[in-house]
Amino acid sequence: MPKPSRKSYVPTHPTKFVVEFAPGEFSSYLKSLKAFTAGQVMCTLRGLTHGAKAYTSVQCGRGAHDHIELNSDLVYINHSCEPNVAFDLSSTDRAKWHLRALKDIKRGEPLTFFYPSTEWDMDQRFKCECGTPTCVGSIQGAKYLSRKELQARGFVSPWIQELVSERDNKTPERAVSRL
Ligand SMILES: C[S@@+](CC[C@H](N)C(=O)[O-])C[C@H]1O[C@@H](n2cnc3c(N)ncnc32)[C@H](O)[C@@H]1O
């Protein structure tokens with residue numbers, strides 16, 4: 001079940017997050033039930049399954065099959081061009097894959113991540129409605145953004161850094177998770 005539905009909803013992280021369901025196929029979102037501080041690990045990722053690239057999947061490497069389904073309320077985290085969380089799947093130890101706060105987050109705040117921080121070429125593009133000053137407009141993956149556009153979002157996955165460097169015909173500057 002890639003996306004929990006409103007019917008018979010049981011929160012997967014009841015002390016931390018809750019889905020705010022709204023009418024419309026893609027109008028729901030995840031909000032925080034408590035405050036987090038910048039840099040804090042908000043939760044580790046459990047119950048992941050491999051699956052085909054989809055609008056619900058998160059990329060976890062550069063291979064064709066490196067896509068996971070979250071199988072939890074975390075799938076409701078919307079994209080923002082000025083995100084407050086990051087999916088950090090950069091460790092070789094999958095037990096360390098986690099959701100991290102990029103900013104101080106208040107109770108009740110919607111959670112957002114920068115989708116191109118994990119996704120190279122997305123299954124489903126959309127026109128971004130984040131409304132932030134640095135909005136890049138069309139969200140289709142890192143492949144369609146410049147290095148400069150990818151920078152300053154707080155976090156970029158290592159495979160995205162490598163692919164950007166190859167695309168730009170440059171040697172990767174460093175194989176770390178931050179640009
Ligand atoms: C995994 S879903 C996220 C939850 C989604 N809002 C829902 O209700 O199912 C990803 C989809 O949400 C929508 N979405 C997420 N962030 C958005 C944004 N900043 N602007 C417009 N649509 C967005 C897009 O349709 C995208 O394909």
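In this predicted model, the shell around the ligand comprises 8 nonpolar, 7 polar and 2 charged residues. The residues around the ligand number 17, and those that come nearest are Phe 26, Ser 28, Asn 78, His 79 and Glu 129.

One of these nearest residues, Glu 129, leads to an annotated segment of the chain. UniProt, in an unreviewed entry, places the feature "domain: Post-SET" at residues 124-140. Over residues 124-140 the chain is 0% helix and 24% strand. The C-alpha atoms at the two ends of this stretch are 7 Å apart.

The interior may be considered next. The largest nonpolar core contains 35 residues, and Leu 30, Ile 77, Val 85 and Phe 113 are those with the most contacts inside it. At least two residues of this core are supplied by each of strand 1 (17-20), strand 8 (85-88), strand 9 (98-101) and helix 2 (158-167). For Leu 30, setting aside its neighbours within four places in sequence, the contacts are Phe 17, Val 19, Asp 73, Leu 74, Tyr 76, Ile 77, Pro 110 and Leu 111.

The chain also contains an open sheet of 3 strands, arranged in the order 4-6-5 with antiparallel pairing. Strand 4 (49-50) and strand 5 (57-59) stand at the edges and have a single partner strand each, so one side of each is left without a neighbour in the sheet. The pairing of strand 4 with strand 6 (residues 67-69) is antiparallel and runs over 2 bridges. Within strand 6, Glu 69 is the residue opposite Thr 49.

Note on methods
Residues numbered from 1 in each chain as written. Predicted model: local features only at pLDDT ≥ 70, side-chain atom pairs only at ≥ 80, totals over all residues. Near = placed C-beta within 6 Å. Nonpolar A, V, L, I, M, F, W, Y, C, P; charged D, E, K, R; others polar. UniProt positions renumbered as here; feature names shortened; annotations may be inferred. Helix = DSSP H or I, 4+ residues; strand = E, 2+ residues; numbered from the N terminus. Pairing = 2+ DSSP bridges. Core = buried A, V, L, I, M, F, W, Y, C linked by C-beta atoms within 7 Å. Buried ≥ 20, exposed ≤ 12 C-beta atoms within 10 Å, placed from the backbone. Contact = placed C-beta atoms within 7 Å.
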